[in-house]
Amino acid sequence: MLSDTKQNLLQQLVSNATYEELIYSKGFLAGYIAKSSEGNLKIENTSVPLINVKPLIVYGTETGNAKKVASKLQANFKKEKINAKSVDIFQFDVKKLEKETLILFIISTQGEGELPLNAKDFYEKLKSSNVNLNQLSYAVFGLGDSSYPLFCEAGRLLDEVLEEKGAKRLLPLVKADVDFNPLVEAWQKDLQNLFSGVKSETKVAHSVQIIPHKKNYKGIIKHKIVLNDTGSNKETYHLEIISDDEIAYQPGDALGIIPKNSKEDIDFIINYFDAKSNDEIAIKNETKTVFDWLELRNIKGLSKRSLDLISEVLPFENIWEKADLIDVLKSIKTPKLESNSFQKILEILLPVAPRLYSISSSSEAHDGEVHLTVNLNKFNANDEKKTGFASQYFADFPLNQEFEFYIHKNENFRLPEDDKDIILIGPGTGIAPFRSFLAGRDANGAEGKNWLFFGEQHFTLDFYYQTEIQEWLSTGVLTKLSTAFSRDQEKKIYVQDRIKENAREFNSWIENGAYIYLCGQKEPMSKDVENTIVEVISTQRNISVEQAKTVVEELENQGRFLKDVY
């Protein structure tokens, strides 16, 4: 008898093989069995992949990391003569699962253990469907950040529902932390060994990779100013942070904080439940005061999971997606509170997740200080004006008062060698890491050329770090500057328009080996910019759009097109 895994791989071999391959296999096995019966069993080559094993790589991503892993995996498989293809999970119909025999899922986790936006619909349809996936073998590679609650939860959920529908797990779920590249390589090796029938010697099949404990620093904000001039629609802060400890970071890294809920919000919730701030409550063998629990429990922008659980304790109706806990409480006209309602709510609420902000300073150029560029996020929810939790926390945080933070290493957004040219595309607060890049290159005397694209609403009101940028231009640190201030003329102009205007030179830089960096809002900016880059390459090289997309994908695989979008 064969194990389930071997049986399924054999089925894949047979179903995908040509008639000639089946005839060859029949003869090969007959001879193999004959040798075995004579005691001469010998495997001459166990590293040849199974005939026509064609894995489908399906990725679910929010910021692009899962897509990057999928592209890298596909390219590496191609080198090993494994014919794989990849597809965005958003474009993959659940009904097609019943026709597939081998799928590798790569999926990231967002916020409170949520699936990426492009994967939510797929997951919900799969969970509620009655598909029979007995013919499907699969493996799931989860991407996450161990600093967040429910680490790699999206991967766990997908792995679980696939098994529920009868699919056979080739390898146990892999949970990868922020520095995921080493684990990707190990996973690929494990898969190739499996395809070849070689017993794996690696540990990846049972791996949970967590970055060693991030060092927490204590520091103060010594300086804080609003970068916008009076009359701007924006409120963007420049923060300068110092610590008694030497803060180790590189250009491209981010600062992570866990913001605390305001006393005003905490008091509202305590009063609603008629609780006392100093009362002690035990949750999972940990005892804290009510105030301390609420200070670091997430009560903002609640996930569907949290809202569903809260509704079981306090029934409510007509609440909007991502509502705050206070919104929920205000919507309940006649609350039916039980003696343990408050305890249950506290148990449902997850810890506040860290917030990451790109560092806009260079350790060499700014004497070890850490600078941030933080836009106060303003939005409307249910006709009520609101602000972002973490950005408001920084806006309100007093000078010279101690707080804790850590450095989030971003190995996927690093400067190249000093002699390489770089193109930096950073509208709005996307300028942050590029101030770090340029200051660092200036301090180190890097020889590579630097081209910056920056955009905001108004030249006179919103040109962040204008004096420094003009200084870099005059000294030659900045080779070229292209700005786009969208509201200074009747027709809005964005950074992608400036890329089009400079199409010939932009393509020339790429052909001469330049690295492209993109930072800022994912929707719609980053997609618009990427589409424009594809268009520029297509027109300048006189190739099709599909061919230009392949060029961009190759740039990503080579590490020459790097994105830090949110």
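**Note on a surface patch, a covered strand and a neighbouring helix residue**

1. In this predicted model, Asp245 has a relative accessibility of 40% and therefore counts as partly exposed, since that class takes in values between the buried limit of under 20% and the exposed limit of over 50%. Asp245 sits in the loop that links strand S9 (236–243) to strand S10 (254–257).

2. Asp245 also takes part in a negative surface patch, whose members are Asp244, Asp245, Glu402 and Glu404. The patch thus brings together residues numbered 244 and 245 with residues numbered 402 and 404, and a reader viewing the loop between S9 and S10 may wish to display these four side chains together.

3. Strand S19 (residues 450–456) is mostly covered, with seven of its seven residues buried. Asn450, Leu452, Phe454 and Glu456 point one way from the strand, while Trp451, Phe453 and Gly455 point the other way, and the residues of both groups are all buried.

4. Strand S18 (residues 422–425) runs parallel to S19, and the two are joined by four bridges. One of the residues concerned is Ile422, whose bridge partner in S19 is Asn450, itself among the buried residues of that strand.

5. Gln496 belongs to helix H16 (residues 495–501) and is classed as buried because its relative accessible area is 12%, where the limit for that class is under 20%. The C-alpha atom of Gln496 is 9.1 Å from that of Ile425, although the two residues are 71 residues apart along the chain.

Note on methods
Residues numbered from 1 in each chain as written. Predicted model: local features only at pLDDT ≥ 70, side-chain atom pairs only at ≥ 80, totals over all residues. Heavy atoms only, no water. Patch = residues over 30% accessible without salt bridge, like charges linked within 9 Å, V, L, I, M, F, W, Y side chains within 5 Å. Areas by Shrake-Rupley, 256 points an atom, 1.4 Å probe, with all protein chains shown as cover. Lys, Arg positive; Asp, Glu negative; His and termini not counted. Charge placed at Lys NZ, Arg CZ, Asp CG, Glu CD. Buried < 20%, exposed > 50% of the residue type's maximum accessible area, 1.4 Å probe, protein only. Pairing = 2+ DSSP bridges.
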